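Student: Got a minute to go through this one with me? I'd like to start with the overall picture and then pick one helix.

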Amino acid sequence: MGKTRTFVAIEADDALRRRASGLIGRLRPHLGGARWVSEENLHLTLMFLGELSDTEITEVCSRTEWVARANGPFSLRVAGVGAFPDAQRPRAVWLGAREGGEAVCRLQADLDDALSDLAQRGENRGFVPHWTLARLPRGAGGGSPHLVSVLEGLADYDAGELAVDQVVVYSSELYRGGPEYYPLATCPLGM
Ligand code: 2AM
């Protein structure tokens with residue numbers, strides 16, 4: 001039986017997608033070799049599960065529904081632009097989370113408790129809520145000399161308030177042109 005790459009995420013709304021794509025337009029000249037996230041793929045990963053069987057996915061969806069119901073909806077300020085691991089050697093450039101970030105962390109911790117036995121051991125990075133805008137493969141050109149000051153100038157960039165009222169279990173298929181994400185379950189918060 002085939003396995004499916006699976007993760008749980010918060011999805012962006014249209015206003016956030018537009019702001020992120022404007023931001024990408026400003027960042028693009030400063031990052032060579034980056035793979036930019038398309039507007040429709042913008043998301044905040046709560047939990048990456050890896051390759052799962054259909055039975056495991058059914059279990060992930062029902063446990064995620066249960067966790068979502070036990071957490072209320074909240075408002076999240078999407079703000080700040082930064083890079084992992086840092087602006088000198090960027091592997092990922094992202095938009096951050098400000099007010100409401102603690103609600104995201106609570107949700108993530110609850111999902112981690114509920115799902116960790118099903119998750120493949122991913123990169124154990126510690127959870128920092130972020131919306132990835134660009135990924136840089138190892139050996140890519142990386143940032144221009146100006147990238148550090150460009151990111152500093154965007155450290156307080158405000159992408160607005162997002163009403164978070166559901167989380168989504170996604171499957172992901174990797175293609176040459178980039179990943180495609182398919183919603184497997186949409187789980188309302190606090191219902
Ligand atoms: P990222 O945004 O920080 O790159 C779908 O692939 C999502 O799962 C991505 O947004 C990615 O987070 C996250 N992800 C992919 N592979 C991962 C891994 N091995 N460990 C942890 N998270 C991963």
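**Overall picture, then one helix**

Tutor: Sure. Keep in mind that this is a predicted model. Of the protein's 191 residues, 29% count as buried.

Student: And how many helices and strands are there in the protein?

Tutor: Four helices and 11 strands. The radius of gyration is 17 Å, close to the 16 Å that the globule rule gives for 191 residues, so the protein is as compact as a globular protein of that length.

Student: Which residues touch the most other members in the largest nonpolar core?

Tutor: That core has 46 residues, and Ala9, Ala20, Leu46, Trp131, Leu133 and Val167 touch the most other members.

Student: Take Ala20, then. What is Ala20 in contact with, leaving aside neighbours within four places in sequence?

Tutor: Ala12, Glu39, Leu42, Leu95, Trp131, Leu133 and Ala159.

Student: Switching to α3: which of its residues are buried?

Tutor: Val104, Leu107, Gln108, Leu111 and Leu115. Down the axis of α3, the buried residues fall within an arc of 100°, so they line one face of the helix.

Student: What covers the buried residues of α3?

Tutor: The cover includes strands β1, β4, β5, β6 and β10, along with helix α2.

Student: And which exposed residues sit on the face turned away?

Tutor: Glu102 and Asp113.

Student: Last one: what does the UniProt annotation cover?

Tutor: The unreviewed UniProt entry has "domain: Phosphoesterase HXTX" on residues 13-94 and 98-181. In the model, the span 13-94 is 38% helix and 34% strand, and its end C-alpha atoms lie 17 Å apart.

Methods: Residues are numbered from 1 along each chain as its sequence is written. This is a predicted model: local features need pLDDT of at least 70, side-chain atom pairs count only at pLDDT 80 or more; totals for chains, interfaces and linings use all residues. Helices (H or I, at least four residues) and strands (E, at least two) are DSSP runs, numbered from the N terminus. The radius of gyration is taken over C-alpha atoms; the globule rule is 2.2 Å times the number of residues to the power 0.38. A residue is buried if 20 or more other C-beta atoms lie within 10 Å of its own, exposed if 12 or fewer, and partly exposed in between; C-beta atoms are placed from the backbone. A nonpolar core is a set of buried Ala, Val, Leu, Ile, Met, Phe, Trp, Tyr and Cys residues joined through C-beta atoms within 7 Å. Two residues are in contact if their C-beta atoms, placed from the backbone, lie within 7 Å. UniProt positions are given in the numbering used here, feature names are shortened, and annotations may be inferred rather than shown by experiment. The arc is that of the directions from the helix axis to the C-beta atoms.
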